[in-house]
Amino acid sequence: MPAQAWFQSVAGSPDRYPLDQVIYRCPRDGALLEVVHDIEAWRERSPQQWRDLFDARAGRSPWPYRSGVWSRHEWVAPHVDPKNIVSLGEGNSHLLPVQRYAKELGLADLWVKQCGTSHTGSFKDLGMTVLVSCVNQMIAQGQSIRAVACASTGDTSAALAAYGAAAGIPVIVLLPRGKITAAQLTQPIANGALVCSLDTDFDGCMRVVQQLTQDPHLYLANSMNSLRVEGQKTIASEIVQQLDWQVPDWILVPGGNLGNVSAIAKGLLEMQAVGVIERVPRLVCCQAENANPLYRAYQRARAAGRDLQVQDFEPVVAQTTQASAIQIGAPVSLPKAVKAVVACRGVVAQASEQQLADAAARADRYGLFTCPHTGVALACLEQLVADKTIAEGARVVVVSTAHGLKFSEFKAGYHRGGGPVTGVYANKPIELGSEPKAVVEAIHRVLDKQSSGAAL
Ligand SMILES: Cc1ncc(COP(=O)(O)O)c(C=O)c1O
C-alpha cells in the first residue's frame, strides 16, 4: 500500500515537508511540525483488516515487524525502508491487570501499561527507534549527518545513546548536572555517547541543544522532533489491542515536556479516524506539583469556564521533584498537548512530593516496582477516584513510563528514611545477627505482630 506521510505545521499552514528533511518548525508560521498521514490511503484496509494485521504481527513476525512499534510500520513511518530500521525489540510492553490494587482504590477495572519494561527502561525507546531509523535512512541516502543530539532529563539520552550505538551513529547528550539518577547517567556513558553535563536545568539544556542543532549536520532528537511522537503514539494502539480492541474510559500519563501525552492522543485520534475505534478515552496529564505549568494553565482555563488554550500557559522555573524526569518548567510540546487535552476531554492533575512517593510505594505492595513519575500518575488517580471524577465502574489504564530500577535512590530513600518525605509505606529491613535460633524467633515475632493486625 503506498501510504504517505509528511511534516506539516500544528498551527495549520498547509505546506508539506518530506520526513527526511532536516526541519523542526514550520518556516511559514514558526510552529512545531507534526507528522501527518494520508488517512484516505489507510482506508484502503477496513478497520477489521488493520486489527487482524496487527494481531498477526504482534510479537511474532520476522524482525523487525515483531517490535510493537514496527508491527505498525504503515502507521508510523511508512517511508522507512525495513532494511534501515534500527530496532532493539521495543514495544509490546505488558498491560498488567492489577485487580487487588484496583479494589483497594475503589475501582472495578485497572490496568498498568508497563512502558518501562523495555530495552533502556523507559517509554523513550518507542520514539527513538523511529527517529534513529529515519536518520539511518537519511545517512544511507547520502545526507551528511555527523551526530544526533538531545537534551534530556535522563531517559531520552539513554534511549538515544543505545539506538545510536546500535546503528553506529554518533550521539551527543546534554544533561542537567546533578539532576538525573546514577543509572540514567551511566547508560549513555556505557553506550559511548558524548555526554555533556551542564550546569543548568533541563530547560537550560533544551535551549543549548536547539542552538547546537541549528547546524543541519547535527540532528535534533528531542520530542519537538515529531518523528519521536510517531513511535510513542503506538502506546495508544497497543493498549487498545491488548484490551481486545476495547477502548478504556480513562488513560493517565505523567507529563513533563508533554510529548507523550500529545503522542497518545494522536494515536487515539488516528485510530478513531480510520474506524479502528469508535470513541476516544479521556486523558489525564499528571504533573508533579513542583513542576506544574500545564496544571496551572488548566486551572486558569477552568476559572474562566472554558477549554484550555495555549494563551493560558506561562512557563515556570521547575522546582526540585523526586520525579526528576518531569522537572520541566517550559514544555516544548505545549501546543500539541493543549490540543490533546481538549480533543480527549482531558483533565490535568498534580501530585505533591508526599503523594507521589506514597502512591508509588503503595502500588509496589501489589507487585509493581514503580518509578516516581508513575507515582505521580497513581497519586492523581487516587485523587480523581476520591473526588469521583473517575467513576468506580470505569475501566482505567495508567501508563507507567519507566522502570523503578532506574530510580533506586528514590526507592531506597523512601524506605530507609532521611529523604524529602516520610514514608507511610516505608519497609525498613530488620538488622539481625547470624544465630539461627534468634533469627527464627525474630521472624516469628514479626509474623505474630502482623497477624494481630499491625500494618505490613
Ligand atoms: C520516566 C518519564 N516519565 C515521564 C516523562 C514525561 O514525558 P514527556 O516529557 O513526553 O511529557 C519522561 C520524560 O522525560 C520520563 O523520562
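This report walks through the internal cavities of a predicted model and then turns to one of its strands, β6, and the neighbours of that strand.

## The largest cavity

Let's start with the empty spaces inside. Searching the whole structure turns up 5 cavities of 30 Å³ or more. The largest of these holds about 290 Å³ of space. Its lining is made of 25 residues, and those closest to the centre are Phe 123, Lys 124, Asn 257, Ala 325 and Ile 326. If you would like to find this cavity by secondary structure, look for α6 (155-167), α9 (227-232) and α11 (259-273), the elements that each give two or more residues to the lining.

What kinds of residues face this space? Sorted by class, the lining of the largest cavity has 13 polar, 9 nonpolar and 3 charged residues.

## The second largest cavity

Next comes the second largest cavity, with a volume of about 60 Å³. Its lining consists of Gly 91, Asn 92, Ser 93, Lys 113, Cys 115, Thr 117, Ser 118, Leu 126, Thr 234, Ile 235 and Glu 238. Helix α10 (residues 234-242) is the element that gives the most to this lining, with 3 residues.

By class, the residues around the second largest cavity are 6 polar, 3 nonpolar and 2 charged.

## Strand β6, an enclosed strand

Now let's move to strand β6 (residues 171-176). Because 6 of its 6 residues are buried, β6 is largely enclosed by the rest of the structure. You can see this on both faces of the strand: Val 171, Val 173 and Leu 175 point one way, Ile 172, Leu 174 and Pro 176 point the other way, and all are buried.

## The neighbours of β6

Which strands pair with β6? One is strand β5 (residues 147-151), which runs parallel to β6 and is joined to it by 4 bridges. A handy landmark here is Ala 151, whose bridge partner in β6 is Leu 174. Strand β7 (residues 194-198) also pairs with β6 in the parallel sense, over 5 bridges. In that pairing, Val 173 stands opposite Val 195 of β7.

The connections between these strands are worth tracing in the viewer. From β6, the chain crosses through helix α7 (residues 182-190) to β7, in a β-α-β crossover that is right-handed. Together, β5, α6 and β6 also form a right-handed β-α-β unit. Helix α6 links back to the start of this report, as one of the elements that give two or more residues to the lining of the largest cavity.

Conventions. Residues are numbered from 1 along each chain as its sequence is written. This is a predicted model: local features need pLDDT of at least 70, side-chain atom pairs count only at pLDDT 80 or more; totals for chains, interfaces and linings use all residues. Side-chain values use heavy atoms; hydrogens and water are left out. On a 1 Å grid over the protein atoms alone, a cavity is a set of points where a 1.4 Å probe fits but cannot get out, and a pocket is an open set with protein on both sides within 12 Å along at least five of seven lines; lining residues have an atom within 4 Å of a point. Grid points are joined across faces, edges and corners, and a volume is the space filled by probe spheres set on the points. Ala, Val, Leu, Ile, Met, Phe, Trp, Tyr, Cys and Pro count as nonpolar, Asp, Glu, Lys and Arg as charged, and the others, Gly among them, as polar. Buried means under 20% relative accessible area, exposed over 50%, partly exposed in between (1.4 Å probe, protein chains only). Two strands pair if DSSP finds at least two bridges between them. A crossover is right-handed if, with the strands pointing away from the viewer, the path from the first strand over the helix to the second runs clockwise.
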